[in-house]
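Here is a short briefing on one protein chain. Look over the sequence and the model first, then read the points below.

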Amino acid sequence: MRRQLVVMFAAVSLLVALAFVVPLGLLVRSTAEDRALDAARADVSAVTPVLAAGGTRDQIEAAVAITESGRDGNMTVVTDQNWVVGAPATESPRLTAALESGASDIGDVEGGVEVVAAVATGPGMLSAVRVFVPDAELEGSRGRAWLALGIVAAVLVAISVFVADRLARSIVGPTQRLAGAARRLGEGELDTRVEPEGPTELLELGTAFNQLGGRITGMLDQERELVADLSHRLRTPLTKLRLRVDQ
């Protein structure tokens with residue numbers, strides 16, 4: 001019974017944990033992607049003022065170098081003077097559109113996502129900043145999130161199993177002791193009694209068992225007294241008959 005209760009609690013807690021973890025995991029997955037893209041946008045914003053102010057190549061390189069994307073080699077800056085700062089420019093329709101029409105965009109590319117921002121650097125002059133966010137970075141954030149949620153779910157299930165085991169122990173232990181006392185009483189140990197313990201129902205059952213044992217003992221005592229009394233009453237007539245037979 002104890003094992004069955006623990007298994008039942010474990011199954012229920014696991015279902016509850018899954019119902020909690022799966023939707024939250026999907027939400028965290030989306031949040032992780034947004035966080036990575038927000039970091040890319042922040043890196044773009046860090047370089048944009050230097051471009052808009054017409055900074056020199058050294059200033060642009062310094063601005064790229066202080067960003068995380070720049071240090072990782074995932075940022076490319078193409079200026080209106082055809083300077084390419086950062087990672088080598090790759091063929092990208094979004095980057096071309098930003099330099100030609102000033103359109104900024106975010107979209108999927110092979111191996112990840114690119115964030116492209118157009119920057120107006122003068123009348124009719126456009127520069128562009130491109131940040132590449134690799135799938136490894138996105139998946140790494142998702143993996144850490146799922147791992148954290150998995151640990152939380154495992155801890156919740158473990159706590160539930162521990163509580164279930166303690167609860168089952170508080171029920172099964174008194175039940176087993178009561179069953180043992182009932183066996184001893186059935187084998188003739190009429191002085192067998194139990195200490196009522198456990199839930200309310202087991203307390204009532206233990207009290208009723210003790211009352212039953214007391215009643216059985218009382219009935220047997222009455223039976224012994226009755227037999228003794230009958231023996232005493234029969235003794236005198238039998239003695240008289242024996243005397244007559246002897247005569």
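α1 gives the most to the lining of the largest cavity, with 4 residues. The model is a predicted one. The protein holds 6 helices and 5 strands, and 30% of its 247 residues are buried.

**Overall layout**

- Starting at the N terminus, the order of elements is α-α-α-β-β-α-β-β-β-α-α.
- Take contacts between residues at least 6 apart in sequence: 53% of them join residues at least 24 apart.

**The cavity**

- The structure has 1 cavity of 30 Å³ or more.
- The largest cavity encloses about 100 Å³ of space.
- Its lining draws at least two residues from each of α1, α3 (68–71) and β5.
- The lining includes Ala36, Ala39, Ala40 and Asp43.
- Glu68, Ser69, Asp72 and Asn74 are also among the lining residues.
- Val131, Phe132, Val133 and Glu137 line the cavity too.
- Sorted by class, the lining has 6 nonpolar, 2 polar and 4 charged residues.

**The nonpolar core**

- The largest nonpolar core contains 20 residues.
- Val47, Leu51, Val64, Met75, Val77 and Val129 have the most contacts inside this core.
- Two or more core residues come from each of α1 (2–52), α2 (57–65), β1 (75–78), β4 and β5 (125–134).
- α1 is the top contributor to this core, with 6 residues.
- What does Leu51 touch, leaving out residues up to four places away in sequence? Its contacts are Ile60, Val77, Thr79, Val119, Thr121, Ser127 and Val129.

**Strand pairing**

- β1 and β5 run antiparallel and are joined by 4 bridges. Here Thr76 stands opposite Arg130 in β5.
- β4 and β5 also run antiparallel, with 10 bridges between them. In β5, Val131 stands opposite Val115.
- β3 (residues 105–109) and β4 (residues 112–122) pair in the antiparallel sense over 5 bridges. Val109 has Gly112 of β4 as its bridge partner.
- β5 is mostly covered, with 8 of its 10 residues buried.
- In a regular strand, side chains alternate between the two faces of the sheet.

**Hairpin turns**

- The hairpin of β3 and β4 has 2 residues between the strands. Gly111 takes a positive phi near 90° in this hairpin.
- The hairpin of β4 and β5 likewise has 2 residues between its strands. Gly124 lies in that turn and has a positive phi of about 70°.

**Thr121**

- Thr121 lies in strand β4.
- Is Thr121 buried or exposed? Thr121 counts as buried because its relative accessibility is 17%, under the 20% cut-off.
- Leaving out residues up to four places away in sequence, Thr121 touches Leu51, Ala52, Asp80, Leu126 and Ser127.
- Leu51 is thus a shared point of the two contact lists: Leu51 touches Thr121, and Thr121 touches Leu51.

**Arg35**

- Arg35 sits in helix α1.
- Arg35 is exposed because its relative accessible area is 54%, over the 50% cut-off.
- Which residue lies 9.1 Å from Arg35, C-alpha to C-alpha, while 103 residues apart in sequence? That residue is Leu138.

**Gly173**

- Gly173 has its place in helix α5 (residues 135–186).
- Why does Gly173 count as buried? The reason is its 13% relative accessibility, which is under the 20% cut-off.
- Gly173 and Gly198 are 25 residues apart along the chain. Their C-alpha atoms are separated by 8.4 Å.

**Elements that recur**

- α1 gives the most to the largest nonpolar core and also the most to the lining of the largest cavity.
- β5 gives two or more residues to the core and at least two to the cavity lining.
- β5 is joined to β1 by 4 bridges and to β4 by 10 bridges.

Conventions:
Residues numbered from 1 in each chain as written. Predicted model: local features only at pLDDT ≥ 70, side-chain atom pairs only at ≥ 80, totals over all residues. Heavy atoms only, no water. Pairing = 2+ DSSP bridges. Core = buried A, V, L, I, M, F, W, Y, C linked by side-chain atoms within 4.5 Å. Buried < 20%, exposed > 50% of the residue type's maximum accessible area, 1.4 Å probe, protein only. Contact = heavy atoms within 4.5 Å. 1 Å grid on protein atoms, 1.4 Å probe; cavity = no way out; pocket = protein on both sides within 12 Å on 5 of 7 lines; lining within 4 Å. Points joined across faces, edges and corners; volume = space filled by probe spheres on them. Nonpolar A, V, L, I, M, F, W, Y, C, P; charged D, E, K, R; others polar.
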